[in-house]
Structure formats: C-alpha cells, structure tokens
Amino acid sequence: METGELLLFHVKVGDQVKSGDVLFEVMTDKIDMEVEAPADGVIETLVGNPGDVIEIGKPVLIMLTETEVMAFDFGGDAAAQVETAAPTPPPVAPAPVVAAPVVVAPVAPTPPPVAPVVVTPVLVAPVVQPVAPVITPAPIVAAPVVTAPKIVNASVKAVPKARVEAANRGIDLRTVHPTGPDRTITFSDVNSAQIDPAVLKRQAANKALIAKGIEMTRGIAQASFNRRAHANFDHAQLISAWAKVLRGRPDIAVHQHVGVSLIIESKYGSALPVFRDPDLISVEELRTLVTTTSDAAKNGKVPIAMLSGGTTTIFDLTTYSMSSATPLLFPNQVTSLTIGYDSESTKNISLTIDLNICDFYDGALLLDALIASL
Amino acid sequence: MSDRMLTMAEAVREAMSIAFDERPEVFLLGEDVGIYGGAFGVSGDMYHRYGSERVLDTPIAELGIVGAAVGAALSGMRPIVEIQFSDFTAQAMDQIANQAAKIHFMLGGALHVPMVLRTPQGSGTGAAAQHSQNLEPWFASVPGLKVVVPSNPADAKGLLLAAIDDPNPVIFLEHKLLYKIPGRDPVPEGSERIPLGVAKVVREGKDLTIVATGIMVNKSYEVCEKLAAEGISVTLIDPRTISPLDMQPVYESVEKTGRLMVVQEGPAHAGFINEVIAQMAGSSSFGSLIAPIKRLAGMNIPIPYAPQLEKAAVPQIEDIEAAAREIVKNWR
Amino acid sequence: MSANPLLMGHPLSSTEHARHALLYMCRIRKFEEAVEDLFGRGMMHGTMHLSIGQEASPTGMCMALTIQDQITSTHRGHGHCIAKGADLTRMIAELLGKEIGYCGGRGGSMHIADVETGNLGANGVVGGGIPIAAGAALASKMMKKGTVAVSFFGDGAMNEGAFHEAANLAAIWKLPMILFCENNKYGMSSSTEKAFAIDNLADRGKGYGIPGVNVNGNDVVEVYEAAQIAVDRAKKGEGPTLIIAETYRWKGHSRSDKNLYRTKEEIEEWRLLDPIPKFIARAIKQKKLTQEQCDGIQQEATDAIVAAVNEAVKAKAADPAGLLDAVFKKVSA
C-alpha cells in the first residue's frame, strides 16, 4: 500500500472546520476511509482533485489553524517528508497545517524497518558452457543430455546411495541391472556392477581427445575435428558411407531415417537436396541420382520431395580451396561433414557434432568408421 | 542405580512431587486433579500430600485454566497444568498457541512463560474420536512451544523435571496406554534431569534405523527384539522431544544402516514424523540411503470406536514388523 | 528512559493528584495524536487502534494501583500502558520498529508490555488477557504478594468464552482481580445493542457472584472512586469486581474507517463529553488547579510526546539478525 485514491472532498476553500470534521474520503486497496480534521481551522487550499491517486505522505489539502500542533524533528532522511508536510507553526500567526499526513494514514506501509536486503545480480551460467566430457557408452535410449559434469540419469530409478556410488566410480546407471522393487537400482546393484571395459576405454579416449584440444565453435555446444582421408571418393560414395555409419548409431541419428543433405552451389544460390536412406540403394544407383540431382540443382531445379528430411549435412569445400570449416549445425541435426583439400592436396574430412547429444568419443568413432569405410 | 519399576503415571507423579519439594512456586492445576487424583490417576495422592492450594481443582474451563497458568507463570509461579484429554486442548488453543507460545518473542523477551502443560493422548481405550487423538503436529508447528513425547517412565520422570525447570512453555504429551504399564528400564531415584532436545538411541543395529515417537517406541522395540533373533539388527531412536528436534543421532545411524523407517501413531498426513523425513531428505546423509524412507503412521481418519476398527486405524506391532522386514529384504 | 512515577490517590485529593490525572490523560491524548500523525506520514508499519476519547478510564483505574499491581491490556492499549507509567520513548520506538522499542520491534502496537510497571502486555486477541490476569491474581494470592491484577478489555470481549471462564475462576477462587471493561459501545462495528441481550453489562457480575458496577468512563474521578473500592475489596481477599466504564472512541476501529455503523451526531455528542476539559473545569472549580496550571500541564504533555518521538525516530532500527535467538528464553545452566 503506497497510494490512496482521493474520492471526494467534504470541504471547500474557506470553510471553517472543527477538529474531527470529515475533510475528505480516500480509497485504498485495504479500506475506504474518511479523513478528519486534526484541529480546528480554515481550509486554505485543496491540493488534489477527486480521482487523484496520491502517494502516502503527500499533502491533500492545507488548512490554517491557531491550535497548537506537535512539530516533530525527524532529522536526516525523514526531513524531506517533514518539508512537504507540516512546517513548524510560527509563534503567533496562524500556522499552515498540512492535512496530508493524516490522509493515507489508515494504510501507510512504511518499508519495514529491517536491514535492507541487497539483491545481487546472479549470472546464470549457460548449462553446457564449459562442456565437461561425458561418457555415453552405446546407449539404448536416445539422446543422453549433457547438463552437468556428473552422470545424473534422473530417468533411471536408483536409491540415493547407489547414485552417489555410481558417480564416484564413473558408472553409468543405465548400464546397471536393477534388482530392486519397481526396477529400482539398489546400492548392491551398483556395488557389484562391473565397469564395462568399453566404458573405461571410452573414458580414456575422451580424456585423450580433450588433451589434444578440441576447437569449440561459436560458443555453442558443438565441436569439430578433422581426419585426413587418403582414399579417393566421390559424393555418392561419401553419402552412402556416411549414411551407413549413422544408421549404426540410431541414438545419434535420432530420426526414423537417415537423410543426407548435400549442399550444391549454383547461380541461384545454395540448394540442399536431401538423399533419403541413400545407403539402402546401390552406390551406382545413388551416383546416378546424385549426378542428375546436382545438375538439376545447378539449374535451380530440385524436386520438392528432396527438399526436406535431412538428418545430416555435407559441405563440399574442395572447389573453394579450403581445408575445413566449422559450420553451424542445422536444427534437429546432430552432425555435419565438410570435405576439403589440405595443404598437401589430401582430402580432409571434418566432422561437427552436437555436444548435447554425443561426446568427443562418439565423434571420433563416427569419423574413424567413415574413413575406414571409404 | 535402583531397580524400581514404575508405571509412567507413577513416574510422572514422582517428578511432580520432586519439583513440588524443590520449588515452592510449582503447583498443579486442572480438572479433577485434586481429591479424585486425576482422570488417569496421575496426580494420585498429591492433593493429600500438598494440599488444595498447590493441587488445584478447577472447573471445566480449559481456556480459563491454561490462561490462568500463563498468567501465574508470568507472575513468578511455575504451573503444571493438566488437561484431561489432549483433545480438549482445542478449547484452550488461544492461550497455548497465541499467548503462551508467543509472549516471550512478541514482547521482546520482557516476559517468559515457565509453564508445563501435561496431557494424555493416544488411542487404544475405545474412547473414540474426541478422546483419542495424537496432536503432536498442532503443537510442534507453533514456534515458541517445546514439545515432549515421553515413551517410558524413566524418561518421563527426567524429562518432566527438565520441563518444569525450563523457562519456556512445554507441552508434555503422555500416551494414556503407557500410564499403567511398567517400563523396560528401572526409574532412577533422585532428581536427575533429562535435557530437552536430546534424542535417545534406544538400541543400536546395522540394518535399519527406526525413528518412533511415544508408544510407537515400545511397539518398535518389540519388533527389534524379534528381528534380532533372526539376525536383522535395528537401531531404534526415540526423539523424546519433538520440538526442538535432535536429528543428529538419526543422521549418524542412517549413515551406517542406509535404511530409515519412521513410525508414529497420529495420522500420516502432515504428521510430525514427516519432519524427520523432510530433514533427512535435505541433509547430507540423504546420499547414504539405500532404500526409500518408509513411513508408518495412523490412517487419515478420526479414531473409530469398535476395537477392531480402532486397532486398524493405527500401526500395530505386526505392521511395524512386516514393514521392517520388507525394507531390509528388498533394499540391499 | 525509565518508567514514569505513579501517583496513587484520588484525583482531586491534592494539586499534585489533580496535576497527575490531567497530565496522564493529556499524555494519552497527545500520544494517540502523534501515532496518527506518524502513521499518516507513512513512518509506521502495520496498524493501530486509537483510544482518543477514552483517556479517563485507564488514568482513573491506574491511580488506584501501585507499580507492582499488574495489568493486562488490549489491542487498544496505548492508554493503559501510559497510565501504568510506561516510558513514552520506548513506546514510540516500538511503533517505529526500533531496537530500543519495548519489544525490540517484534511486537508493535498490539504487544507492548512493561515488566517494570507491572504491565503484562497488550493483546492482539480479544479477551486474551483476561484469563492471564486471573492467573496473575492467582500467583499474587499464592505468593501472598498483596497485589491486584487488573484486566482491561472492551465490551466486545465480554462475549468471549475467555471472559466467562476467567471471571468464574476469579470469583470461585476469590482472586485479587479487577475485570475492567471499557464499554466504548462498539466491538469494531457491532454495537452493544446488537451484541448483548442485556441493557446493563454490569449485570453480568451477578452471574459470577461478584459485584458489577457502572461508572462514567469519561470521568476520571468517578472511575478512580470505583477502582479504589474494587482494589480494596480485592486486596482484602474478597474477590474480583466487574467495572463497566461507559466511554467512547472518537476514531474508527483501526487506523480509521467510514463510520458506517454509527452516526455523525452520535460521535459529536460524545466529543462534547471529552474527559479532559471536563476534569479541568472540575479541578479549577475545586481550586486544585488554575487555568494557567492546566495550560502548562497540557503543554508539558505535548512536549513529552514530541521529545519521545524525536528521540525514537533517531534510534537504531531493529535488527533481523537476532530473530532466531528470541523465540525461546535461554535455559540457564
């Protein structure tokens, strides 16, 4: 309650009033009230108008009185209030009495006289910013979310001590077989759980990758890294091989199908035809499709059916004499590839991954698998 | 150490008598506490030993009685007020919750209320819904009240002496089924106090921690004995004072056993024992739990009359035993 | 800062007594006016219940009490506190939420108590103080202190169970207690006509087997005389008395209100029965005070309130740091 609405005056300028006479009415969020004259006197000025919303402590009318009034010395901070309120009455002359103090009296909410609470701004740290490595061994469930430097796995039921133990030992609770009621992981389940050698390997690999230094791009949770590819391959071979690799990791590919987007530049701009499940047809068939589609795209014609459904994207930089690039991932895509030539004219494949979905080790596995299959 | 086996009624009477002898300002007032000896015989012969001025029979006027006790406490006396059934404290709640509990704080510490309000509570007597409640949460949720729930005669004596010494209002909730039965442990002679706010570890084990209040301590104890014979060892903790509450032994025990079960007679919903669970859930000992916390409490119903219904409404020994077995078996 | 000296005796028994009666009534009046002013300036938190118009009742009652005699008071309790001799600065400081306030800012207007002057505290619950006063009287009797306990309450409290239970206990135990009802005609907005089926509230005394007397609560002399009889009776061990002091609050129930439940004419009638000029006229007529003395006493009261406000305003605000320590009194080793 900091204000009151002045409803109406019961007096006008020049009126003689007696102590206790109603001067005006105010409405607040707590109560409607009549404000009485604090002393006998004459109304000199009406400061506000009916309908005005008036702050507590501000004058509403000024009256003159010959009655002695109490003049307090509020000093310090309170002085300002006194200034707008009641001036000390001169010894003889009629003293102006500001009725304001009485005005909002019934409701005045002084800030409670307690030590002020200082609200300091808190910086909210981006959830994935310092991206700690997270181990996600061949998960059954899709999309493990990296939000904390520890394995949380809140979707897995486990007793508190099992979680503590699992965290301490680096055990992913999803790998632990639950024997408790309602498929809850008990402490002894974790206690007797063998750490999967693959997990250990992965842990070591991730550590090694981090030690090498991973380039973080554009401050979001994606990372790119390179491999030299000595084999020779064309777009069809690359698309087919990459689709095969991704199909082996449904947890990363996310979608029901694999859709490889190939970026093709033309005088009309970039076109992104999508090759759906290209690994399910022969490379020869695919090559024909890639060639006809590329030609069509260069003329600005891509069949509508091929304009959606991409789950990964390939950028060919070989014509730009660039070795690699770190593109932003398209929405809902976890990976993208770039191919280019390095200084020794060797083909270079660069993989960009979404760190919210997979980790460095996943990336390394994918890239190794791709290069091995080319 | 003596080997005197007293009932809780005798132990409470002994504590009051010691306090009467030690301090002239201690007196007892309540309905039928005088020549009748108290509805449950707790004051017994005190009227004859201390006279009608110190064992003061009152009209049936709970609000007036408690108010008079508050006023007397503010003015130099140390009243012990007996309310015949805890259910009737509802009549006196203004004086308990708005006056006694708040005076010290609200008046800036100028005054304090050294008053003990003793009252029998609990089911099992067939007295039905208005004479059988466990009202711990009514009192435990009011800052400014200390609340004691003794489970045995020896504790009742020491705790009551400490309550009478205490400069604050203390609500002393005695289970009426415990009045007539001797405790497991002898009641020491003398006037030794048991400090308020200190829990008691009744027995120690490694498989399960049970925290129980009042009569449920006794029921749980029997379960502990039975399970011990089968190789299941249980730590049993009696908070004794529920406000303030001493959680330290509970944390320490749960860190060893990893399993916690809480037992109270009062209804489960918003019951006092939930506070034990809440504090455990927020503590650093939470990570020691290898089992979900098990709560056994009364049904969320008024206490019914017929014996089989009354029994079904609150946890029985068999319930405690089954729950204890299950938690130990299922969670390892 | 310390308790104000009390002067016992008939308000017209000497110049000194007349001065005391006038000074305390004026202190109460000026205190309430100052509170209203502070509230209007937004300097006071919460709420307030003013007793302007009722000053003669606590003043007359307390002139029959020693400093050891105890009182319990009400939500409209500033007057009782002042009449019993409380320190004005600490009272104002409490209303302003200051550390030096009677409750260290924890109680505010409705919970001022002062052990030094036997004030067991104002009370936010209607009727809450009545059984407590009975208990204080019980302690006095048991400890043979020779003191009396007065419970101030309003007409509204007489329909609370607490009144009934306490009156009955005090009566059956013949406690040195006075049940002092300031009948200001309204329990918030409910008139006594609506809330009682009896015309004379003092008749309730009969129901408890105790005297019930009516006095003009705006006449400090009449109040004192009835109070003195009740105190004598209580201290002789003859039990409690119910005093009904007929008076009127000029202001609204709390802070202020729109007076929907009463007429302007009624308020105006009671303003004409202002206890202060009434006593001044009588004191001058009986040559206990001169007009000049009365003017001086009124000025003295104003000065005391102004000084109290000025000092309280400067005092340190109450500190939340100590809140947890204040719930229980420490158990001494």
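**Close-ups of chain B and its contact with chain C**

**View 1. Strands β8 and β11 of chain B side by side.** In this predicted model, β8 (residues 208-212) and β11 (residues 260-267) of chain B run parallel and are joined by 4 bridges. One pair to look for is Ile210(B), whose bridge partner in β11(B) is Met261(B).

**View 2. The open sheet of chain B.** Pull back a little and β8 and β11 turn out to belong to a sheet of 5 strands, ordered β7-β9-β8-β11-β12 (chain B). The pairing here is mixed. β7 (200-203) and β12 (294-298) of chain B sit at the edges; each has a single partner strand, so one side of each goes without a neighbour in the sheet. Ignoring direction, neighbouring strands are turned by 25 degrees against each other on average.

**View 3. Two helices lying across the sheet strands of chain B.** Helix α7(B), residues 215-229, lies across β7, β8, β9 (234-238) and β11. Against β9(B), helix α7(B) runs at about 170 degrees. Helix α9(B), residues 273-281, lies across β8, β11 and β12, and its angle to β11(B) is about 150 degrees.

**View 4. Where chain C meets chain B.** The contact draws on 36 residues from chain C and 35 from chain B. On the chain C side, α5 (129-142) and α6 (161-172) each supply at least two residues. Helix α5(C) gives the most to that side, with 10 residues. Sorted by character, the chain C residues that touch chain B come out as 23 nonpolar, 10 polar and 3 charged.

Methods:
Residues numbered from 1 in each chain as written. Chains lettered and ligands numbered in written order. Predicted model: local features only at pLDDT ≥ 70, side-chain atom pairs only at ≥ 80, totals over all residues. Pairing = 2+ DSSP bridges. Axes fitted to C-alpha atoms, helices over the stretch in contact; angles between N-to-C directions. Contact = placed C-beta atoms within 7 Å. Nonpolar A, V, L, I, M, F, W, Y, C, P; charged D, E, K, R; others polar.
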